[in-house]
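Open the model in your viewer and keep the selection tool ready. This tour goes stop by stop.

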Amino acid sequence: MKKTYVLIIFCLCVCEIFAQNYAVSLIPDSLKLGAQAVVREQKEFFVQKDERNGTYKCMRVITIFNEKGLKHAKFIVGTDDFEELKSFLGEVFDANGKSIKKIKQKDLQSLQYSASYELVKNAKATYYEYFSPVFPFTVKYEWELKLKDGILYYPSFDPILDYDVALEKAEYTLQVPDAQVVRYKNSATDISPAINGNTYIWSAENMKMIEYERFAPSNAVFPIVYLAPENFCVQTACGNMKTWENYGYWVQDLQKGRDVLPENIKAKVAELTQNISDKREKVRVLYDFM
C-alpha cells in the first residue's frame, strides 16, 4: 500500500513538472510590446491516409491583452460534406496561468451557410466565443477534423494570425502516403520544412507582431506556406496538379456536359413558363424553381 501512495505522488509530481505554464509573465517583452494578442503555442498535425481521407489535429493557445484582441479568443471551424469535426476541448487561463474555465464540444454553436461556389454542400461554421472583462487571459483550443471523400489541398501553415498578433512558437507536421508528392509555396517567408521520408515539419518561433497600418492589405504581408498534394481526388474525380495545365484538364473534365440541360428539366421549364408572356415574371418563376 505504501508503494502505491509513493507511485501516485510521483506521478502527480511528474504531471506538475511537465504541465505547460501559460502565465503571461513568461512571454518575452519583445513579443508583448504593442500586441493585441500573442500565440503562445500552435501545433498542427495532418495525416493523409490516402488520396481521399485523412485527419487534422490542431492545438492553439493564445493570450489576449485587450478588447481589440478579443476576436482572437474565438474558436471557429468550417465543416461540410468533406470535413467532420470529431472532437473539441477548450480551456481558459487567468494571467497567472491558472485554469478558470473548461469548454466542451457541447458548448459549441453551429451556423449553416451557403458555399455553392465551392465543391461542397451542407457547409456550416461551428464556433465558440469567449468574452472576459478582465485582461489579460489565455484560451486554449484543441480539435480534430476528419477529412473524407476528397483532399484537394492541405491546411496552410500560417503562424501569424493577423495584424498586431505575435507568436512564441508554432509547428506544423504533415505526413503523407509513400507515393504522394507534396507541393508547397511560400509567401512572405523563407521557412523550409525538415523532411524525414514522407513526413514534413515546418516550425517558427519568436515572431514579432506586424503593426496594422491604414489601407494595409488583408494578408499579403503575413508569412504563409501553402500546401497541396500533387495527386488528388475529390469523390470520384481524380487529378494531378504537377502543372497548371494538368489542373486545368481536371477542372475542364468537371465542367464537361454541365452546360446541357437534361430533357426532363427542359420539359419542366417549358411547363412552368408556357402561359407567361411577361419576361420579368418568367425570370421570377424560373428563379424560384432553381
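Each stop below names a selection and then says what is there.

**Stop 1: confidence**

Colour the chain by pLDDT. This is a predicted model. The chain averages a pLDDT of 91, and 91% of the residues score at least 70.

Now select residues 2-18. Here pLDDT stays under 50. The model has zero contacts beyond four places in sequence for this stretch. Where pLDDT is low, the predicted coordinates should not be read in detail. Move on.

**Stop 2: strand 8 and its partners**

Select strand 8, residues 137-147. Is it mostly covered or mostly open? Strand 8 is mostly covered, with eight of its eleven residues buried.

Add strand 2, residues 54-64. Strand 2 and strand 8 pair in the antiparallel sense, over eleven bridges. To find one of them, pick Gly54; its bridge partner in strand 8 is Leu147.

Next add strand 4, residues 83-93. Ten bridges join strand 4 to strand 8, and these two also run antiparallel. Pick Phe93 this time: its bridge partner in strand 8 is Thr138. Strand 8 thus pairs with strand 2 and with strand 4.

Step back to Pro136. This residue sits in the loop between strand 7 (124-128) and strand 8. Look at the bond from Phe135 to Pro136: the peptide is cis, with omega about -5°. Most peptide bonds are trans.

**Stop 3: Lys57 and Gly90**

Select Lys57, in strand 2. Lys57 has a relative accessible area of 42%, so this residue is partly exposed. Show its contacts, leaving aside neighbours within four places in sequence: Lys43, Glu44, Phe45, Trp143 and Glu144. Then measure from Lys57 to Val47. The two are ten residues apart in sequence, and their C-alpha atoms are 8.7 Å apart.

Now select Gly90, in strand 4. Is Gly90 buried or exposed? Its relative accessible area is 9%, so Gly90 is buried. Beyond the neighbours within four places in sequence, Gly90 is in contact with Lys101, Lys102, Ile103, Lys140 and Tyr141. Try a long line too: the C-alpha atoms of Gly90 and Val176 are separated by 28 Å, with their positions 86 residues apart along the chain.

**Stop 4: the largest pocket**

Select Glu83, Tyr153, Tyr154, Pro155 and Ser156. Of the 50 residues that line the largest pocket, these lie nearest its centre. The pocket holds about 1800 Å³ of space.

What kinds of residues make up the lining? It divides into 32 nonpolar, six polar and twelve charged residues.

Which strand gives the most to this lining? Strand 8 does, with five residues. Other elements supply at least two residues each, among them strand 1 (37-48), strand 9 (154-157), strand 11 (182-187) and helix 3 (244-255). Show these together and turn the model around the pocket.

**Stop 5: a hairpin**

Select strand 15 (residues 231-234) and strand 16 (residues 237-240). They pair in the antiparallel sense over four bridges. One pair to find is Asn231 with Asn240 in strand 16. Two residues lie between the strands of this hairpin. Zoom in on Gln235: here phi is positive, near 55°.

**Stop 6: two more positive phi values**

Most residues other than glycine have a negative phi. Two further residues are worth a click.

Select Asn206, in strand 13 (residues 199-207). Its phi is positive, near 50°. Asn206 counts as partly exposed because its relative accessibility is 48%.

Then select Phe215, in the loop between strand 13 and strand 14. Phe215 is not a glycine, yet has a positive phi of about 70°. Why does Phe215 count as exposed? Its relative accessible area is 72%, and the cut-off for exposed is over 50%.

**Stop 7: helix 4**

Finish at Ile265, in helix 4 (residues 263-273). Ile265 is partly exposed, with a relative accessible area of 26%. Draw a last line to Phe222. Ile265 and Phe222 are 43 residues apart in sequence, and their C-alpha atoms are 48 Å apart in space.

Conventions: Residues are numbered from 1 along each chain as its sequence is written. This is a predicted model: local features need pLDDT of at least 70, side-chain atom pairs count only at pLDDT 80 or more; totals for chains, interfaces and linings use all residues. Side-chain values use heavy atoms; hydrogens and water are left out. On a 1 Å grid over the protein atoms alone, a cavity is a set of points where a 1.4 Å probe fits but cannot get out, and a pocket is an open set with protein on both sides within 12 Å along at least five of seven lines; lining residues have an atom within 4 Å of a point. Grid points are joined across faces, edges and corners, and a volume is the space filled by probe spheres set on the points. Ala, Val, Leu, Ile, Met, Phe, Trp, Tyr, Cys and Pro count as nonpolar, Asp, Glu, Lys and Arg as charged, and the others, Gly among them, as polar. pLDDT is the predictor's confidence in each residue, from 0 to 100. Contact means heavy atoms within 4.5 Å. Buried means under 20% relative accessible area, exposed over 50%, partly exposed in between (1.4 Å probe, protein chains only). Two strands pair if DSSP finds at least two bridges between them.
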